[in-house]
Amino acid sequence: MIRIGIAEDDAASAQLLVDYLHRYEEEHGEQFAVSVFTDGSEIVARYRPDYDLLLLDVEMPGLDGMSAAEQIRQVDQDVLIVFITNMAQYAIRGYEVDALSYLLKPVPYFAFSQQLKRSVERARRQATDYLTVPVAGGLARVDTSRIVFVESIKHRIVVHATDATYAFSGALKNVEAELEGKNFFRSNNCYLVNLRHVTSVKDSTCLMVGGHELLISRPRKKPFLAALTDYLGGRHG
């Protein structure tokens, strides 16, 4: 299912887009989960990084679509954005927020369906596994391929990614359950290791990308090495 968010202050224009989406579903056998917001400020306030595509009106009285996109990009670098606008020159700024494209009002169904087809295909191509983590003011979606390891410190979880660190309250077993089947392995009670970022194993430690040395407990060493061998041997999918 493709998850789509629409931000449009004009009710008739928003309904037209919803009708177009329903028509596309029937014609192409797709299934969309659609959320409609009446202003940029509303979608920003309620935004969660679990959308595949956003259709944003550029001109809205509260928070315009461009400004909304700038704020959304702070927590979601991957969602596809298509602007809806009356004037093409506004859409040029879309490159600043890595917009996929734009559609000119009044939006004809053919142009909409062609753009939607490209958006759906791209969303499926870039589909990646994510771990959603709480951050100040909301949630962030972290590409699991960027996670080097997850650390448990008392009742705090620290996600060490290649480009950032995220800390929040939680239990390591819950994170482990979310990452099951995604090439992570518990090296001991405190560390959940991404096998793709292991650079070497020496004695009872594994060296990770970034220079981290993590302990491997004695009971887990044999299954850890077996899992790493399987991964490096290409049997990880």
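**Exercise 1. The protein as a whole**

Among contacts between residues at least 6 apart in sequence, what percentage joins residues at least 24 apart? State also the secondary-structure content, the extent and the burial of the protein.

*Solution.* The model under study is predicted.

- Step 1. Of the contacts between residues at least 6 apart in sequence, 51% link residues at least 24 apart.
- Step 2. The secondary structure comprises 7 helices and 15 strands.
- Step 3. Along the principal axes, the C-alpha atoms occupy a box of roughly 65 × 35 × 25 Å.
- Step 4. The protein has 237 residues, of which 43% are buried.
- Step 5. The exposed area is about 12500 Å², and 49% of this area comes from carbon and sulfur atoms.

**Exercise 2. The hairpin of β6 and β7**

Determine how strands β6 and β7 are paired, and identify the residue with a positive phi in their hairpin.

*Solution.*

- Step 1. Strand β6 covers residues 130-135 and strand β7 covers residues 138-143.
- Step 2. The two strands run antiparallel and are joined by 6 bridges.
- Step 3. Within this pairing, D143 of β7 lies opposite Y130.
- Step 4. The hairpin has 2 residues between the strands, and G137 adopts a positive phi near 85°.

**Exercise 3. The open sheet and its helix**

Establish the strand order of the open sheet of 5 strands, then locate its edges and the helix that packs on it.

*Solution.*

- Step 1. The order is β10-β9-β8-β12-β11, with antiparallel pairing.
- Step 2. The edge strands are β10 (165-169) and β11 (184-186); each has a single partner strand, so one side of each lacks a neighbour in the sheet.
- Step 3. On average, and with direction ignored, neighbouring strands of this sheet are turned by 15° against each other.
- Step 4. Edge strand β11 pairs with β12 (residues 191-194) through 3 bridges in the antiparallel sense. There, F184 has N194 in β12 as its bridge partner.
- Step 5. Helix α7, residues 218-232, packs on the sheet and touches β11 and β12. The direction of α7 makes about 170° with that of β11.

**Exercise 4. The setting of H160**

Decide whether H160 is buried or exposed, and describe its surroundings.

*Solution.*

- Step 1. H160 belongs to strand β9, residues 156-161.
- Step 2. The relative accessible area of H160 is 15%. The cut-off for a buried residue is under 20%, and H160 is therefore buried.
- Step 3. The side chain of H160 forms a polar contact of 2.9 Å with the side chain of E151.
- Step 4. Neighbours within four places in sequence being set aside, H160 is in contact with R146, I147, V148, F149, E151 and T165.

Technical notes: Residues numbered from 1 in each chain as written. Predicted model: local features only at pLDDT ≥ 70, side-chain atom pairs only at ≥ 80, totals over all residues. Heavy atoms only, no water. Helix = DSSP H or I, 4+ residues; strand = E, 2+ residues; numbered from the N terminus. Buried < 20%, exposed > 50% of the residue type's maximum accessible area, 1.4 Å probe, protein only. Polar contact = N/O pair within 3.5 Å; in protein donor to acceptor, adjacent residues only side chain to side chain. Contact = heavy atoms within 4.5 Å. Pairing = 2+ DSSP bridges. Axes fitted to C-alpha atoms, helices over the stretch in contact; angles between N-to-C directions. Areas by Shrake-Rupley, 256 points an atom, 1.4 Å probe, with all protein chains shown as cover.
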